[in-house]
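New to this one? Have a look at the structure below, and then we'll walk through a few spots in it.

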Amino acid sequence: MTTNDHREIKAFGEYLKENSVLSQSDCSRMIAASSSTGQSIDTVLVELGLVREEDLARHLAVYSGIRMHRLSRPDLSDDLIERIGVGFLTNAGIVPITRNDDNIALVVADPLSAGDVGMISYLLDMQFDLFCAPRSHITELLGQWNAEHNAELADVSSQYEHSAELELQDVNRLKDVANEAPVIRLVNDVIQRAVDRNATDIHIEPSADSVSIRFRCDGVLILDHRASQKLHAGLSTRLKILAHLNIAETRMPQDGRMRVAVRGQEIDLRVSVLPSVHGETFVLRILDRSTVPLKLDSLGYGSADVQRIKRLSQLRDGIVLVTGPTGSGKTTTLYSMINEIDSDRIKVFTVEDPVEYRIDGITQVQVNSTIGLDFSTTLRTVLRQDPDVILVGEIRDAETARIAIRAALTGHLVFSTLHTNSAAAAFSRLIDMGIEGYLLAGTVRAIIGQRLLRRRCGSCADNTTDSCERCGGGGYQGRLATYEILEVSRGVHHAVNQSATETDVLDAAQTTGFVSLKDHARGLVASGLTDKAEVERVLSGLGDA
């Protein structure tokens, strides 16, 4: 609750006292309950049994200088409900309506809370007249709308039973199917549900008789629902239109990007399309970085290690690598390090595929291999732009590695990622690419190996139940990093300079207190932040150690 909201609620309490609706003690109860629960004032007063809902709505309308509205189904603006999201509107107690003069207005249950109305105004770039109605009326009407909407989706396969048999050349018919309301709503609903569940990816996978829609949540795939195979043509075409892809091409892979609004927040999605025997399969990577704080301690790094990494981010030259498999949070860690740099005094470039975080004050370049703008070509150009710090999304080949090393040798600090199982293995991988050991020893300053583990749910602990609101009975809620930080000490420098094996590098690192991924994960288990089952899933064999 904001300070303004608190003052407004106190003033409304005074109004209710002056009109003999509440006593002084009831007013104090109202303010205390509102402050402690964060619930809207109408919910607090009704649940405490202090005012009848209909009477309260009238008092809120008079106090706020707006009129009451008797809602009915024909009043609802279907278009705006779809654009804003019925879930958001239900939680906020707001419904958009179309008035007799064709103007759009909002009916609100709590006119004292301006935040949600402001968010809608910002999202749609318009101002609204406000009306008031009891929350139960708004909720009931939105529930009816949602039931009709779901029934329409359930019936959509019969409406488009021939859509799966459309000829490839019938592009106009494909566009018609993709732009009709049921398909639009299905796509919007899938994305909204995925964002609500904090999913990182949406998988749309056709089979012989259905289309499976799965979400990757906390690193694990979860089936959301199965739709009719007959929906696949409209669904795939709609996604291609949004991602600016060729809707007539179904034989070759395609990659694109789209941006949608979910609950007032702009969400970027990276779209990958791959032909399969039952039709094209889609993976949508959700790049909603508003929910990811770019701070090392938020990722699970301990205070002492945060200071080590901050020190690495202030180096004047050299290479710092983050290793791990896809989805292990490497880019998030790198950007958290970039955030520690004063970009007003230091020129920072990123070269990525794609750009996953948009940050003011740094120059970000997205590679595009289809036009010859690959990592190596872009890096060569960036080096002519007088950079101080360069973030390379990934070192994929020897040429990119050599350019990164040349940048480090000429006084630049380079951050990048590498797909290896451990920090020590990064040296072996680069040597296998053909990079000489003495070059690595002279330029690499540190390597961070990282994985993400599901965090144990703090609400249900060991008593996991389906009723747990935070984890839904899964026993985990959110993720945290387990990591190892291998700084290039004198011993490690010598081993790498001799192109030593991974074991030799590890032996040299352990003489200076190196803590491995496995040892760090054991500490997280001991502290109760995760459990052995999760560690065994992510780092096989660790639980037996």
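The buried residues of helix H13 are Lys-330, Thr-332, Thr-333, Leu-334, Tyr-335, Ser-336, Met-337 and Ile-338. That makes eight of the nine residues in this helix, which runs over 330–338, so H13 is mostly covered under the cut-off of 20% relative accessible area. Keep in mind that you're looking at a predicted model.

One of those H13 residues, Met-337, turns up again as a contact of Ser-313. Ser-313 sits in helix H12, residues 303–313. Setting aside neighbours within four places in sequence, Ser-313 also touches Glu-340, Ile-341, Leu-413 and Phe-415.

Now hop over to strand S8, residues 254–262, where you'll find Val-260. With the same kind of neighbours left out, Val-260 is in contact with Ile-191, Gln-265, Glu-266, Ile-267 and Leu-269. Its C-alpha atom lies 8.7 Å from that of Leu-242, which is 18 residues away along the chain.

Are Ser-313 and Val-260 buried or exposed? Ser-313 has 2% relative accessibility, so it counts as buried. Val-260 is buried too, because its relative accessible area is 13% and the cut-off is under 20%.

How confident is the prediction? The protein averages a pLDDT of 84, and 88% of the residues score at least 70. Among its elements, these two mark the lowest and highest mean values:

| Element | Residues | Mean pLDDT |
|---|---|---|
| Helix H9 (lowest) | 171–178 | 55 |
| Strand S11 (highest) | 318–323 | 96 |

Over residues 157–169, pLDDT stays under 50, and the model has 21 contacts there beyond four places in sequence. Residues 541–545 also stay under 50, with eight such contacts. Where pLDDT is low, don't read the predicted coordinates in detail.

Technical notes: Residues numbered from 1 in each chain as written. Predicted model: local features only at pLDDT ≥ 70, side-chain atom pairs only at ≥ 80, totals over all residues. Heavy atoms only, no water. Helix = DSSP H or I, 4+ residues; strand = E, 2+ residues; numbered from the N terminus. Buried < 20%, exposed > 50% of the residue type's maximum accessible area, 1.4 Å probe, protein only. Contact = heavy atoms within 4.5 Å. pLDDT = per-residue confidence, 0-100.
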